[in-house]
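Fancy a few warm-up exercises on reading a protein model? Have a go at each task before you peek at the worked solution.

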Amino acid sequence: MNYIYNIKVNLKNNLINFYEWEANDKITTLKKTKIFVINNYDYNNILKMNIKVRKEFLENIELDNLICLFTNGVDIVCTKFNIDGTISKISKLDLEEEREVLDEINYKVKTKLLYSKIDKNNNYKLTTRKEENIKNKLLDFLNSSKENTELIDYLYYEWFNKTSSSNKYNELLSSVKNEYSDKHNKLFKIIELINS
């Protein structure tokens, strides 16, 4: 069994990469933690699905904290389980510590992870914390301004570079909810100017 000592994690409901850790995050140092080498398929399911591991697996990790690490040999993730076997918290590792761990572990000892998939989760996002924050602020502003048709017309034009639409508010709202782009930054700057 591979054990890792004195590793820093930032356990949250959603997966946050190390480069997005903030000063007010609760960074925890794990004194001694088991790490399991698993295949790519299972590793990706941990990141992107709500899974439930079998009771036998939970008995393999420290029952007082139900925390362990998983690796596919390229990447490492830390998980904290609920007593029922579902993941309650998840964290990436600091890049430097992750490299050290990947150099140390024994890849010959592989674990067949027994679990069931519950459904897809939103833990793994392609956007950063800052981008999500900007997107939420834009949506809040649009919701609070939806009765101001002149303002919505203006923001709609800034976003789409056109004026014709039968339902500008809903189109704008829908588009802001989509994948993050430079348009979000531009609209956010406009809203900051409006608010100042």
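**Exercise 1. Take stock of the fold.**
Count the helices and strands, then write down their order along the chain.

*Solution.* Start with the count: this predicted model has seven helices and seven strands. Next, walk along from the N terminus, and the elements read β-β-α-β-α-β-β-β-α-β-α-α-α-α.

**Exercise 2. Check the overall dimensions.**
What radius of gyration does the protein have, and what would a compact globule of 196 residues have?

*Solution.* Step one is the reference: for 196 residues, a compact globule would come out near 16 Å. Step two is the model itself, and here the protein has 22 Å. Step three is the box along the principal axes, where the C-alpha atoms fill roughly 65 × 35 × 25 Å. Then look at the surface: the accessible area is about 11700 Å², with 46% of that belonging to carbon and sulfur atoms. Buried residues make up 44% of the 196. Finally, take contacts with a separation of 6 or more: 69% of them are between residues 24 or more positions apart.

**Exercise 3. Lay out the sheet.**
In what order do the five strands of the open sheet stand, and which of them are at the edges?

*Solution.* First, the order is β1-β2-β4-β5-β6, with mixed pairing. β1 (2-9) and β6 each have a single partner strand, so one side of each is left without a neighbour in the sheet. As for the twist, neighbouring strands are turned by 35° against each other on average, direction ignored.

Now go pair by pair. β1 and β2 (residues 28-37) run antiparallel and are joined by seven bridges. In that pairing, Tyr 3 stands opposite Lys 34 in β2, and Asn 2 stands opposite Ile 35 in β2. Between β2 and β4 there are three bridges, and these two strands run parallel. Here Phe 36 is opposite Phe 70 in β4.

**Exercise 4. Add the helices that pack on the sheet.**
Which strands does helix α3 touch, and what angle does its direction make with that of β1?

*Solution.* Helix α3 (residues 95-104) packs on the sheet, where it touches β1, β2, β4 and β5. The direction of α3 makes about 180° with that of β1.

**Exercise 5. Find the cores.**
How many residues does the largest nonpolar core have, and which elements give two or more residues to it?

*Solution.* The largest nonpolar core has 21 residues, and those with the most contacts inside it are Ile 46, Phe 57, Phe 70 and Phe 81. Map this core onto the elements: α1 (40-48), β3 (49-53), α2 (55-58), β4 (67-71), β5 (76-81) and β6 (87-91) each give it two or more residues. Apart from it lies another core, of 19 residues, including Leu 138, Leu 151, Leu 173 and Ile 190.

To finish, zoom in on Phe 70. Not counting residues up to four places away in sequence, Phe 70 has among its contacts Ile 35, Phe 36, Ile 38, Tyr 43, Ile 46, Phe 57, Phe 81 and Leu 113. Asp 75 and Thr 79 are on the contact list of Phe 70 too.

**Exercise 6. Place a polar residue.**
Is Asn 45 buried or exposed?

*Solution.* Locate the residue first: Asn 45 is in helix α1. Its relative accessible area is 8%. The cut-off for buried is under 20%, so Asn 45 is buried. Leaving out residues up to four places away in sequence, Asn 45 touches Ile 51, Tyr 115 and Lys 117. For scale, Asn 45 and Asp 25 are 20 residues apart in sequence and 26 Å apart in space, C-alpha to C-alpha.

**Exercise 7. Look at two backbone angles.**
Where do Asn 6 and Leu 66 lie, and what phi does each have?

*Solution.* Begin with the background: most residues other than glycine have a negative phi. Asn 6, in strand β1, has a positive phi of about 50° although it is not a glycine. Leu 66, in the loop between α2 and β4, also has a positive phi of about 50°. Last step, the surroundings: Asn 6 is partly exposed, with a relative accessible area of 48%, whereas Leu 66 is buried at 6%.

Conventions. Residues are numbered from 1 along each chain as its sequence is written. This is a predicted model: local features need pLDDT of at least 70, side-chain atom pairs count only at pLDDT 80 or more; totals for chains, interfaces and linings use all residues. Side-chain values use heavy atoms; hydrogens and water are left out. A nonpolar core is a set of buried Ala, Val, Leu, Ile, Met, Phe, Trp, Tyr and Cys residues joined through side-chain atoms within 4.5 Å. Buried means under 20% relative accessible area, exposed over 50%, partly exposed in between (1.4 Å probe, protein chains only). Helices (H or I, at least four residues) and strands (E, at least two) are DSSP runs, numbered from the N terminus. Contact means heavy atoms within 4.5 Å. Two strands pair if DSSP finds at least two bridges between them. Axes are lines fitted to C-alpha atoms, for helices over the stretch in contact, and angles run from 0 to 180 degrees between N-to-C directions. The radius of gyration is taken over C-alpha atoms; the globule rule is 2.2 Å times the number of residues to the power 0.38. Accessible areas come from the Shrake-Rupley method with a 1.4 Å probe; for residues, only the protein chains shown count as cover.
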